[in-house]
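Colleague: Before I plan anything at the bench, I would like to go through the charged pairs and the helices of this model with you. Could you take my questions one at a time?

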Amino acid sequence: MYVRALAGREKALGRDHKSAIDSSHCLAILYKDQGKLAEVEQIYQRALAGYEKALGPDHTSTLGTINNLGNLYADQGKLAEAEQMYLRALAGYEKALGSDHTSNLGTNQQSRERLC
């Protein structure tokens, strides 16, 4: 269903529309759950580029995708890459929400990953 939704949204709205990007993000989460990790990284990178273009580097949707890339890299044992993504996401969340915001006080992987 996510593949169909993504194709339909890209056709109707364009590849760079937030709804199409959201669909690709959801597809990446599904593929991660299915263990299709090679596809996940490619889709997250695509979603990240789309969010950065459409919403900017400090939007929470962009930062959520950065965080999810960190989760993926951690799952793959790519700890240096995971750390880089986590630090980037944390810096962005602190900038966007403030350092004392409850979202920044602990790691809540499920809430940041489950946007779908």
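Colleague: Which residue forms a salt bridge with Arg88?

Modeller: In this predicted model, Arg88 lies in helix α5 and its partner in helix α3, so the pair ties together parts that are 36 residues apart in sequence. The closest N and O atoms are 2.4 Å apart, which is within the 4 Å that a salt bridge requires. Arg88 is partly exposed, with a relative accessible area of 36%, and the partner that forms the salt bridge with Arg88 is Glu52.

Colleague: What is the relative accessible area of Glu52?

Modeller: Buried would require a value under 20% and exposed a value over 50%. Glu52 falls between these cut-offs and therefore counts as partly exposed, with a relative accessible area of 29%.

Colleague: How far apart are the closest N and O atoms of Lys32 and Asp75?

Modeller: Lys32 lies in helix α2, which covers residues 18-33, and Asp75 lies in helix α4, which covers residues 60-75, so this pair ties together parts that are 43 residues apart in sequence. Lys32 and Asp75 form a salt bridge, and the distance between their closest N and O atoms is 2.9 Å.

Colleague: Is Lys32 buried or exposed?

Modeller: The cut-off for buried is under 20% relative accessible area. Its salt-bridge partner Asp75, at 48% relative accessibility, counts as partly exposed. Lys32, by contrast, has 12% relative accessibility and therefore counts as buried.

Colleague: Which residue forms a salt bridge with Lys78?

Modeller: Lys78 is partly exposed, with a relative accessible area of 31%, and the closest N and O atoms of the pair are 3.8 Å apart, which still lies within the 4 Å cut-off. The partner lies in helix α3, residues 37-55, and is likewise partly exposed, with a relative accessible area of 23%. The residue that forms this salt bridge with Lys78 is Glu41.

Colleague: How many salt bridges does the structure hold?

Modeller: Those discussed so far include Arg88 with Glu52, Lys32 with Asp75 and Lys78 with Glu41. For the structure as a whole, the number of salt bridges is seven.

Colleague: What span from first C-alpha to last does α2 reach?

Modeller: α2 has 16 residues, and at 1.5 Å a residue the expected span is 22 Å. The buried residues of α2 include Ala20, Ile21, Leu27, Ile29, Tyr31 and Lys32. From its first C-alpha to its last, and close to the expected value, α2 reaches 23 Å.

Colleague: Which residue with a positive phi follows α2?

Modeller: After α3 it is Gly56 that takes a positive phi, of about 100°, and after α1 it is Gly14, also at about 100°. Following α2, the residue whose phi is positive, near 80°, is Gly35.

Colleague: What span does α3 reach from its first C-alpha to its last?

Modeller: With 19 residues, α3 has an expected span of 27 Å at 1.5 Å a residue. Among the buried residues of α3 are Val40, Ile43, Tyr44 and Leu48. Close to the expected value, the span of α3 is 26 Å.

Colleague: How far apart in space are Ala5 and Ser23?

Modeller: Ala5 is found in helix α1, residues 2-13, and is partly exposed, with a relative accessible area of 29%, whereas Ser23 is one of the buried residues of α2. The two are 18 residues apart in sequence, and in space, C-alpha to C-alpha, they are separated by 6.7 Å.

Definitions and conventions: Residues are numbered from 1 along each chain as its sequence is written. This is a predicted model: local features need pLDDT of at least 70, side-chain atom pairs count only at pLDDT 80 or more; totals for chains, interfaces and linings use all residues. Side-chain values use heavy atoms; hydrogens and water are left out. A salt bridge is a side-chain nitrogen of Lys or Arg within 4 Å of a carboxyl oxygen of Asp or Glu. Helices (H or I, at least four residues) and strands (E, at least two) are DSSP runs, numbered from the N terminus. Buried means under 20% relative accessible area, exposed over 50%, partly exposed in between (1.4 Å probe, protein chains only). The expected span of a helix is 1.5 Å times one less than its number of residues.
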